[in-house]
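The exercises below are meant to be worked through with the sequence and the 3D view side by side. Please try each task before reading its solution.

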Amino acid sequence: MKSILSILCVVLVVWLSGCENLDRELITDITGQQLIRSYDYTLNRVNSLYTNIPAGYLQIDGAMTASATDEAEHTLETSNVQKFNNGSWNAIDNPENLWANFYLGIRKVNQFLIASDSVNLDQYRLDPAPSAQTIYQTRLNDIKRWKYEARFLRAYFYFELVKRYGGVPIITQIFSVNDNFQATKRNTLAECMQYITSECDSAAKNLPVTYSATDLGRATKGAALALKSRALLYAASDLFNTPTWVSGYANPDLISLTGDRQARWKEAADAAKAVLDLSGTGYTLNTNYRNLFITNSYTLPEIIYSRRNSASNDFEKANYPIGYDLGNSGTTPSQNLVDAYEMTNGTKFDWNNPVQAANPYANRDPRLGLNIILNNTSYKGRNVEAWAGGRDGKGIVNATKTGYYLKKYVNENLNLLLNNTSVYSWNLFRLAEIYLNYAEALNEYSPGHADIKTYVDKVRTRTGVALPGLPTGLSQAEMRERIRNERRVELAFEDHRAGTFGDGYRGRNTWELP
């Protein structure tokens, strides 16, 4: 027995010593040099820059930012969005603190811009074959365009910071851990606006008007010009032009502008007109207003630029009326917003009118029923019971506080019990806004100009809305009021209705953050 075991041990030792090591070392890491020298990795890096654009739908702890304004109320009292409404937020506890996200995006852009010239294309550059030279030139052009996509995104991130904080530090270099961060100072509001608009100009000169089907979703010339239009409209607005609350502020230059405001209005009008005059875009107002918000809308002709999101039903779960399967009510439109929608004959709705008060939803601007679920109207196969004691009304936990539910963006065709999902795009810029930007700025620096009424009427009279045009002969003040109201109903829940009056969102104290 011992001899048998000895033989087996010898055989085992010989076998083991004779075995070839068949394991292969798999290298899963790449060096920094490999990363920046690779065309494919550089493409992935520029694509990742787009992820820092906020998705938009559930921006603040499951609520839309509209719930921090006069547009809506959020049903869940424990949501952080309520801190804006009850005044319990501050510089340390900001419910919508996007500072880190946008500066992360800015840092990624800065890193990309520095590294993008290091891409190694020698494989094609040194090959005299015509096909190789074509690839070489194409990739060179790609890298050049990517830089301007990145600069557009950086300008967008800075604008989103500026509209919340006023002047912010403009950073275009990369910091190391050994750098003195305390030496970084806030730039003035004027410097920030100048930087944003100049970056938009550079991007617009170098970005294409359109892309092929394989590159949809990238920044375009129209997107850069649209961002410039919005930024300059804000720069001319009351919000940034020494409002009364600025008095006593330590450094007004960080949050207000001085100088020729009329010139700023002209710049805003010219910037909007540049978008409208851009040829080859195919931009037109959509004939189906609702489809702008419940579809993957980036291909629609009205959309200038949108953020494409993945398939989900989170927004429906958050905003279906409480009496529907898995609905949580969410963002519920205010009575103030409902009252802003005109009658179909173009006059204001009036509760003091007994006929209108008796049937308040009859003969109203069609956008009312497309944006808002009204009490006792049909939705998902039954009428919504938003009255007290109804299946969707007061008496049910988390039922609407306003008597209304959100319809804009919400896809009523999903069965949440079956976990149906839908793909959405969050619209950052669309043509209707640019029409209103142009009309508003033009009314401030050239009141009475024929284009003012023309472009407001384009929004009002388009297919699917079909309101009458504005009356002729309106004074500058009367036109201003009509444009403001048009922005309010057209751009509701889109987070940027700001114009001459400033936005309903963004408490002033935000700008006191570092």
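**Exercise 1. The largest pocket**

How many residues line the largest pocket, and which of them lie nearest its centre?

*Solution.* Before starting, keep in mind that this is a predicted model. Begin with the lining, which is formed by 18 residues, and then look towards the centre of the pocket, where L216, T220, Y298, I303 and I304 are the nearest of them. Next, sort the lining by class, which gives 10 nonpolar, 7 polar and 1 charged residues. Finally, add the volume, which for the largest pocket is about 330 Å³.

**Exercise 2. The enclosed spaces**

Find how many cavities of 30 Å³ or more the structure holds, and then describe the lining of the largest cavity.

*Solution.* The count of cavities at or above that volume is 3, and the largest cavity has a volume of about 190 Å³. Its lining is made by 17 residues, and those nearest the centre are Y156, E160, K163, W426 and D495. To place the lining in the fold, note that α7 (130–165) and β8 (425–430) each contribute at least two residues to it, and that the largest share, 4 residues, comes from α7. By class, the lining of the largest cavity divides into 5 nonpolar, 5 polar and 7 charged residues.

**Exercise 3. Two residues in one loop**

L326 and S329 should be compared in two steps, beginning with their place in the chain and going on to their surroundings.

Is L326 buried, exposed or partly exposed, and what does L326 touch?

*Solution.* L326 lies in the loop that runs between α12 (314–319) and β3 (331–333). Its relative accessibility is 43%, so L326 counts as partly exposed, since that class runs between 20% and 50%. Setting aside residues up to four places away in sequence, L326 touches K317, L416 and L417. As for distance, L326 and E316 are 10 residues apart along the chain, and their C-alpha atoms are separated by 8.8 Å.

Is S329 buried or exposed, and which residues are in contact with S329?

*Solution.* S329 also has its place in the loop between α12 and β3. Here the relative accessibility is 0%, and therefore S329 counts as buried. Without its neighbours within four places in sequence, the contacts of S329 are T75, A318, N319, Y320, P321, I322, N398, A399, T400 and Y405. One of these, N398, is 69 residues away in sequence, yet the C-alpha atoms of S329 and N398 are 6.6 Å apart in space. At the level of atoms, the side chain of S329 reaches the backbone nitrogen of I322 at 3.4 Å.

**Exercise 4. A contact partner of S329**

Where is T400 found, and what does the side chain of T400 reach?

*Solution.* T400 is found in the loop between β6 (382–383) and β7 (405–406). With a relative accessibility of 7%, T400 counts as buried because the value is under 20%. Its side chain reaches the backbone nitrogen of G403 at 3.1 Å. Beyond its neighbours within four places in sequence, T400 is in contact with T75, S329, T332, A386, D392 and Y405, and T75 and Y405 are also among the contacts of S329.

**Exercise 5. Positive phi values**

What is the phi of N363, and what is that of F493?

*Solution.* Take N363 first, which is not a glycine and yet has a positive phi of about 55 degrees. N363 is found in the loop between α14 (354–358) and α15 (366–371), and at 54% relative accessible area N363 is exposed. Turn next to F493, likewise a residue other than glycine, whose phi is positive and near 70 degrees. F493 has its place in the segment after α18 (476–490), and at 0% relative accessibility F493 counts as buried.

**Exercise 6. The whole protein**

How many helices and strands does the protein have, and how many disulfides does the structure hold?

*Solution.* The secondary structure comes to 18 helices and 8 strands. Of the 514 residues in the protein, 51% are buried. Among contacts between residues at least 6 apart in sequence, 71% join residues at least 24 apart. The number of disulfides is 0. Two cysteines can be checked for burial, and C192 is buried at a relative accessible area of 2%, while C200 counts as buried at 1% relative accessibility.

Notes: Residues numbered from 1 in each chain as written. Predicted model: local features only at pLDDT ≥ 70, side-chain atom pairs only at ≥ 80, totals over all residues. Heavy atoms only, no water. Buried < 20%, exposed > 50% of the residue type's maximum accessible area, 1.4 Å probe, protein only. Contact = heavy atoms within 4.5 Å. Disulfide = S-S within 2.5 Å. Polar contact = N/O pair within 3.5 Å; in protein donor to acceptor, adjacent residues only side chain to side chain. 1 Å grid on protein atoms, 1.4 Å probe; cavity = no way out; pocket = protein on both sides within 12 Å on 5 of 7 lines; lining within 4 Å. Points joined across faces, edges and corners; volume = space filled by probe spheres on them. Nonpolar A, V, L, I, M, F, W, Y, C, P; charged D, E, K, R; others polar.
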